[in-house]
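Dear colleague,

I am handing over the structure we spoke about, together with notes on what turned up in it. Please read the notes with the model open beside you.

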Amino acid sequence: MEETAKQDLVFLELRRKLQSGTLFISGDIARDGADVKVESRHDSLLNIQTADGSYQVKLTPGVSLVETLLQRSPGSCERGSHFRLRLRVEQESEAPQSVIGRLRVKVTYSFQCQSCGSTVLQDRAFGRVLPLPNGNWNALVDDWCCHPDPFANRKLLPRDGDCLLGDTFILLAQDTSCEQTLTREGNSSQKASAEVKQKRVSKRVMLSCTSCSAVLGEELSAEVLKFYITEILVKPGEDGGCDITRLSLEPKSDSLRQRFLEQTLASRLVELSSAQSIFRFSIQTPDSTAVILLWLLNTDTLVASFPGESFISTGDVHPREHQSCQAVQAVKVLYVLCSDSKLKDVVDVWEKDISVHPLPLPQSTCEELQKLLMSSTSRLPTFLRCMNSYQVAYLRM
């Protein structure tokens with residue numbers, strides 16, 4: 001599926017650890033770099049002045065401009081002006097944590113459907129919040145044990161009061177509180193008999209929100225629920241402090257859904273890379289079919305952009321309009337779509353590499369993420385969209 005998003009008129013990428021950055025200004029508004037003036041009016045505010053208008057970028061606290069150098073962009077100069085920026089970074093910003101990084105024991109939580117906001121589980125408090133082994137742990141058992149695999153055909157499942165944390169999901173013990181809020185695939189009755197529940201153990205049963213039919217996870221057994229963190233909002237009770245998702249959503253808009261997915265995945269990639277030094281991921285469906293190969297490149301990035309369709313050209317020497325935006329933390333990723341037959345060799349190499357970390361997500365979410373990445377790539381300057389066989393994208397936190 002081809003994306004039709006227009007290339008950004010202004011794109012800014014800053015690297016805090018390197019104290020440098022790149023600014024690209026489209027030839028639609030500045031064919032000659034000499035017509036562009038970039039200055040820092042005061043701390044953490046970057047002003048970009050062109051003949052047709054001005055742009056202001058609010059940087060994060062402690063980041064300011066030191067020097068701007070004009071650099072010719074690869075290819076035709078008609079593509080635009082390319083600047084190298086030198087920065088001063090006086091303080092680092094911490095990346096926001098995902099839901100998995102913020103769940104705590106003895107705190108009461110409610111679980112809501114991210115698509116419609118309806119509550120699917122209420123007043124859950126955990127005596128234990130424990131991480132599960134990483135996705136490739138079974139392949140490493142032979143290196144741990146000098147005798148036959150003691151974990152063969154055994155699953156790690158939560159007991160009552162437990163919350164087990166996977167890479168992209170959480171496991172909870174099931175109770176009767178969800179019978180009216182969750183629908184099981186293939187069951188016409190929300191309340192299943194014991195015989196039907198027993199049969200579910202041998203096959204995958206998807207869990208959907210009764211209110212909107214959005215897929216939220218799976219029923220692993222008659223006693224265990226699996227929720228994907230990309231599909232739910234987890235909120236503490238009135239005495240639990242702020243919303244751990246850090247999002248205030250009326251989760252019905254497509255743009256808000258995309259923003260939530262982008263933030264959730266970006267935060268989780270940063271956590272996994274920091275804790276386990278993992279940088280290559282395979283985005284998979286629940287049946288382990290690889291959809292996207294993702295290579296985490298930078299985690300110290302700030303980005304800001306002005307979409308092509310939003311600029312108002314005035315034609316005045318002193319423009320009547322200016323635009324402003326906030327630079328946000330982001331991760332830079334390289335990716336390959338597994339459906340691309342031209343890159344079958346790359347996909348085959350990744351699938352055989354044990355260091356590639358699987359990240360399971362619902363089929364529909366894999367498709368959403370694919371569109372999100374393609375849209376991010378299509379908005380970049382042409383010469384920044386590819387790196388060898390990989391596409392380039394940014395996921396904002």
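What follows goes from the whole chain to its cores, two helices and a few single residues.

This is a predicted model, in which local features need pLDDT of at least 70 and side-chain atom pairs count only at pLDDT 80 or more, while totals for chains, interfaces and linings use all residues. Residues are numbered from 1 along each chain as its sequence is written, and side-chain values use heavy atoms, with hydrogens and water left out.

The protein has six helices and 24 strands, both taken as DSSP runs numbered from the N terminus (helices H or I, at least four residues; strands E, at least two). Of its 397 residues, 52% count as buried, where buried means under 20% relative accessible area, exposed over 50% and partly exposed in between, with a 1.4 Å probe and protein chains only. Among contacts (heavy atoms within 4.5 Å) between residues at least 6 apart in sequence, 67% join residues at least 24 apart.

The largest nonpolar core has 27 residues, and L269, I292, L294 and L373 have the most contacts inside it; such a core is a set of buried Ala, Val, Leu, Ile, Met, Phe, Trp, Tyr and Cys residues joined through side-chain atoms within 4.5 Å. At least two of its residues come from each of α4 (254-276), β18 (280-284), β19 (290-306), β21 (328-337), α6 (363-379) and β24 (390-396), and α4 gives the most, with six residues. Leaving aside neighbours within four places in sequence, L294 touches, among others, L265, L269, F281, V333, W350 and L373. Apart from this core lies another, of 26 residues, which includes Y109, V129, L182 and I232.

Both helices that I checked for length agree with expectation, the expected span being 1.5 Å times one less than the number of residues. α4, with 23 residues, reaches 33 Å from its first C-alpha to its last, close to the 33 Å expected, and the 17 residues of α6 should span 24 Å, which agrees with the 25 Å between its end C-alpha atoms. The buried residues of α6 include C366, L369, L372, L373 and M374, and what covers the buried residues of this helix includes α4, β18, β19, β21 and β24.

R396, in strand β24, may deserve your attention: R396 is buried yet has no salt bridge, and the nearest side chain of opposite charge, E262, is 4.7 Å away. A salt bridge here requires a side-chain nitrogen of Lys or Arg within 4 Å of a carboxyl oxygen of Asp or Glu. The side chains of R396 and S305 are joined by a polar contact of 3.0 Å, that is, a pair of N or O atoms within 3.5 Å, one able to donate a hydrogen and the other to accept it, with residues adjacent in sequence counting only if both atoms are side-chain atoms.

F126 is found in the loop between β9 (119-124) and β10 (128-131) and is buried, at a relative accessible area of 3%. The C-alpha atoms of F126 and L172, 46 residues apart along the chain, are separated by 9.4 Å.

Lastly, some backbone angles: most residues other than glycine have a negative phi. D123, in strand β9, has a positive phi of about 55° and is exposed, with a relative accessible area of 56%. S288, in the loop between β18 and β19, has a positive phi of about 70° and counts as exposed at 53%.

With best wishes

Conventions: Lys and Arg count as positive and Asp and Glu as negative; His and the chain ends are not counted.
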